[in-house]
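Student: Could we go through some side-chain contacts together, asking each time how a label is earned?

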Amino acid sequence: MKGILMLIYILILVIFALIAYAVMQIKLFGMNVKDFWSFIEANQTLDKLYEFSKRYEKLSIQEQLIYLKEAEKIFKAFDKVPNVLWEEEYEKYSTVLEKYKDIKMLRWANN
């Protein structure tokens, strides 16, 4: 019984040490943990918007507004982290940005 408790304590200690190490690495990279977490969430949203922008050519006004709002969230999150972290996602980012610009121009032209 003592051995199992000792093993559990060691595992918990190792988990906390890994978390502390990850936080330290994020801080050394010049970021906040909150910014890094929002980047991870934005990266997942980027994948969805990328697929959406490839699939649909014409969007309704409501879909355009949703797309613009979600894209702006992604851009803000990506601006807070170094480019080195997301250079693999540059093609997706560029595609979403182009669609964003197209929708903005279309909405501007209609107004």
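Tutor: What follows takes aromatic pairs and then salt bridges in turn, and the model is a predicted one.

Student: How many aromatic pairs does a search of the whole structure find, and why is the pair of Phe36 and Phe39 called tilted?

Tutor: The search finds 9 aromatic pairs. The rings of Phe36 and Phe39 are 6.4 Å apart, centre to centre, with 35° between the planes. Centres must lie within 6.5 Å for a pair, and an angle that is neither under 30 degrees nor over 60 counts as tilted, so the pair of Phe36 and Phe39 receives that name.

Student: Where do these two residues lie, and what makes Phe39 buried or exposed?

Tutor: Both Phe36 and Phe39 belong to helix 2, residues 33-55, where they are 3 residues apart, about one turn of the helix. Buried means under 20% relative accessible area, and because Phe39 has 6%, Phe39 counts as buried. Phe36, with 24% relative accessibility, counts as partly exposed, because that class lies between 20% and 50%.

Student: Why is the pair of Phe75 and Tyr93 called edge-to-face?

Tutor: Their planes stand at 70° with 5.4 Å from centre to centre, and since an angle over 60 degrees counts as edge-to-face, the name follows for Phe75 and Tyr93. Phe75 lies in helix 3 and Tyr93 in helix 4, so this pair ties together parts that are 18 residues apart in sequence. Both Phe75 and Tyr93 are buried, and both belong to a cluster linked by ring pairs, which also includes Phe36 and Phe39.

Student: How do you know that Lys92 and Asp47 form a salt bridge?

Tutor: The closest N and O atoms of Lys92 and Asp47 are 2.8 Å apart, and the definition asks for a distance within 4 Å, so the pair qualifies. This pair links distant parts of the chain, with Lys92 in helix 4 and Asp47 in helix 2, 45 residues apart.

Student: What makes Asp47, Glu89 and Lys92 a network?

Tutor: Lys92 forms a salt bridge with Asp47, and Glu89 forms one with Lys92, their closest N and O atoms being 3.6 Å apart, so the three residues are linked in a network of salt bridges. Glu89, at 16% relative accessibility, counts as buried, whereas Lys92, at 25%, counts as partly exposed.

Technical notes: Residues are numbered from 1 along each chain as its sequence is written. This is a predicted model: local features need pLDDT of at least 70, side-chain atom pairs count only at pLDDT 80 or more; totals for chains, interfaces and linings use all residues. Side-chain values use heavy atoms; hydrogens and water are left out. Rings of Phe, Tyr and Trp (its six-membered ring) pair if their centres lie within 6.5 Å; planes under 30 degrees apart count as stacked, over 60 as edge-to-face and the rest as tilted. Helices (H or I, at least four residues) and strands (E, at least two) are DSSP runs, numbered from the N terminus. Buried means under 20% relative accessible area, exposed over 50%, partly exposed in between (1.4 Å probe, protein chains only). A salt bridge is a side-chain nitrogen of Lys or Arg within 4 Å of a carboxyl oxygen of Asp or Glu.
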